[in-house]
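Reader: I should be grateful for a close look at the C-terminal part of this protein. Please then set that part in the context of the rest of the chain.

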Amino acid sequence: MLPKRGQDWQTLKRELEARKQSDADWRGLRTTVFVFNAGEDVMDVAKSAYSLYQSENGLGSGSAFPSLARMESEVVAIGLDLLDAPASACGNMTSGGSESIFLAVKTCRDQVRAGGGDTVGSEVLVPRSAHPAFDKAAGYLDLKVTRIPVDSDFRADIGAMRAAISRRTIMIVGSAPCFPYGVIDPIEDLGEIAEQHNLWLHVDACVGGYFAPFARLNGIDLPAFDFSLPAVRSISADLHKYGYAAKGASTIFHRSEEQRRHQLFSCDQWPVGTMETPSTTGTRPGGAIAAAWAVLHYLGESGYREKTQQVIEARERLQSAIEGMPSLKVVADPQLGLIAYTSPTLDIYAVSELMARRGWVSPLLDEPKAIHLMLSPQHLTVIDEYIADLVGSVEHVSQTNMTSTDVTARYN
Ligand SMILES: Cc1ncc(COP(=O)(O)O)c(C=O)c1O
């Protein structure tokens with residue numbers, strides 16, 4: 001119930017801090033999901049920029065707040081440059097990966113409709129490993145998602161994707177990388193299919209969009225996944241993940257303005273005249289735009305390369321420790337900051353329970369049963385502790401034949 005009288009901030013602050021006690025202690029670096037911790041200095045930049053623009057509204061960027069329009073276009077230009085986009089390409093900031101994906105699917109659908117196509121029963125083909133945001137978007141947009149099993153490398157199965165195409169298919173999707181396994185789908189091969197059937201190819205680089213380009217600059221050999229492939233029509237890339245921006249910041253990119261036109265919303269059927277918005281929301285938090293702009297400029301290419309290296313080093317150290325433990329097995333062949341591991345002999349969920357008791361918060365996979373980590377730069381400082389706890393947990397489960405009774409950490 002709303003209190004009859006307001007309370008002072010110090011009291012409320014104490015209350016908020018007390019409430020936080022029951023949450024995951026991500027500052028203690030034992031949470032490997034939900035938070036992307038690139039250090040207190042980066043968070044301070046994001047926080048300060050956010051509060052400078054906390055009250056400004058991106059809805060008014062064309063009239064009252066031109067500085068937000070300028071920052072958004074600079075952020076978009078940075079993303080396009082990182083993703084090797086042609087001069088014709090364009091984009092927008094959104095509130096997150098799910099909204100960017102929604103807009104890609106909606107834009108594709110509306111382009112098909114604008115071309116006279118009937119989208120009743122139309123379908124989006126995605127690898128089984130693609131994010132549920134595609135199903136959410138399809139649900140809202142009255143489309144259907146068909147999930148195609150991945151191949152033995154946990155990547156999109158090109159043969160199966162090709163075989164699944166029908167006259168109802170309007171879009172195919174690849175991830176760079178997918179969340180469950182951290183691998184990049186064979187986007188070039190998906191591109192061939194898309195071109196052959198004149199389909200929209202969307203690349204979900206929500207996780208990799210602001211990470212893979214820096215990994216590549218650091219010398220890591222990654223397959224092509226971005227606009228350098230002519231068949232790629234749109235890309236989603238999250239600033240609030242490995243861009244280290246404040247939450248509420250992602251980008252949706254299109255190969256051309258002609259395409260993006262179908263993303264826009266316009267209505268003149270109310271007493272205030274025409275209202276146009278580029279995304280699903282009306283009000284857009286100025287703070288999220290300013291924080292993303294500030295963090296990009298604070299870190300610069302050298303800062304991102306350094307953070308990327310730290311994440312990769314943490315993942316590699318963990319990966320080689322796991323590979324040295326006969327009862328564990330890394331799932332797939334991760335190349336970026338995500339890693340999942342399973343066990344051919346032990347109940348891996350029991351291992352997860354013991355890790356949770358030691359304070360580690362990590363999601364689980366069902367296919368296969370596995371523990372999943374999405375590493376941040378700061379995890380490099382605790383990865384040896386993680387490995388030591390993992391060795392202890394695995395030993396305990398092997399000695400006691402323990403099985404899981406209670407699955408503690410899920411991705412939701
Ligand atoms: C590959 C991928 N795509 C999309 C999303 C959705 O992003 P958001 O949670 O910002 O909506 C996620 C979230 O983890 C993801 O991992």
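Author: Helices (H or I, at least four residues) and strands (E, at least two) are DSSP runs, numbered from the N terminus. The model is predicted, so that local features need pLDDT of at least 70 and side-chain atom pairs count only at pLDDT 80 or more, while totals for chains, interfaces and linings use all residues. Residues are numbered from 1 along each chain as its sequence is written, and side-chain values use heavy atoms, with hydrogens and water left out.

The C-terminal part is domain 2 (301–400), and the chain also has domain 1 (47–296); such bounds come from an automatic or database domain assignment.

The account may begin with a sheet of four strands. This open sheet has the order β10-β11-β13-β12 with antiparallel pairing, where two strands pair if DSSP finds at least two bridges between them. β10 and β12 are the edge strands; each has a single partner strand, so one side of each lacks a neighbour in the sheet. Inside the sheet, β11 and β13 run antiparallel and are joined by 4 bridges. Tyr341 stands opposite Ile371 of β13.

Two loops of this region deserve attention for their backbone. Most residues other than glycine have a negative phi, and most peptide bonds are trans. Ala332 is not glycine, yet its phi is positive, near 60°; this residue sits in the loop between β10 (329–330) and β11 (338–342). Between β12 (364–366) and β13 (369–374), the loop holds Pro368, and the peptide bond joining Glu367 to Pro368 is cis, with omega about -5°.

Helices lie against the strands through contact (heavy atoms within 4.5 Å). α10 lies across β10, β11 and β13 and runs at about 15° to β11. For such angles, axes are lines fitted to C-alpha atoms, for helices over the stretch in contact, and values run from 0 to 180 degrees between N-to-C directions. Helix α11 (residues 348–357) lies across β11, β12 and β13, at about 40° to β13.

Which residues does Tyr386 touch, leaving out those up to four places away in sequence? They are Leu318, Tyr341, Met355, Trp360, Ile371 and Leu373. Tyr386 thus touches both members of the opposed pair described above, Tyr341 and Ile371. Tyr386 is also named, with Tyr244 and Leu390, as having the most contacts inside the largest nonpolar core, which has 99 residues. A nonpolar core is a set of buried Ala, Val, Leu, Ile, Met, Phe, Trp, Tyr and Cys residues joined through side-chain atoms within 4.5 Å. Buried means under 20% relative accessible area, exposed over 50%, and partly exposed in between (1.4 Å probe, protein chains only). Helix α10 (residues 286–323) gives the most to this core, namely 15 residues. The core draws at least three residues from each of domain 1 and domain 2. Another core, of 22 residues, lies apart from it and includes Leu143, Val145, Met171 and Val173.

The contact between the domains takes 29 residues from domain 1 and 25 residues from domain 2, and their C-alpha centres lie 29 Å apart. About 2400 Å² is buried between them, 65% of it from carbon and sulfur atoms; buried area is the accessible area (1.4 Å probe) that two parts lose on being put together, summed over both.

The rest of the chain holds an open sheet of 7 strands with the order β1-β7-β6-β5-β4-β2-β3 and mixed pairing. Its edges are β1 (90–94) and β3, each pairing on one side only, and the twist averages 20° from one strand to the next. Strands β6 (residues 232–238) and β7 (residues 250–254) run antiparallel, joined by 5 bridges, with Asp238 opposite Ser250 in β7. α7 lies across β4, β5 (200–204) and β6, at about 170° to β4.

Loops beside this sheet also carry backbone details. Pro177 lies between β4 (169–175) and α7 (187–197), and the bond from Ala176 to Pro177 is cis, with omega near -5°. Phe154, between β3 (144–148) and α6 (158–164), has a positive phi near 70° and is partly exposed at 21% relative accessibility. Ser129, in the loop between β2 (123–127) and α5 (133–141), is buried at 5%. Beyond its neighbours within four places in sequence, Ser129 is in contact with Arg147, Val150, Cys178, Phe179, Pro180, Tyr181 and Asp185.
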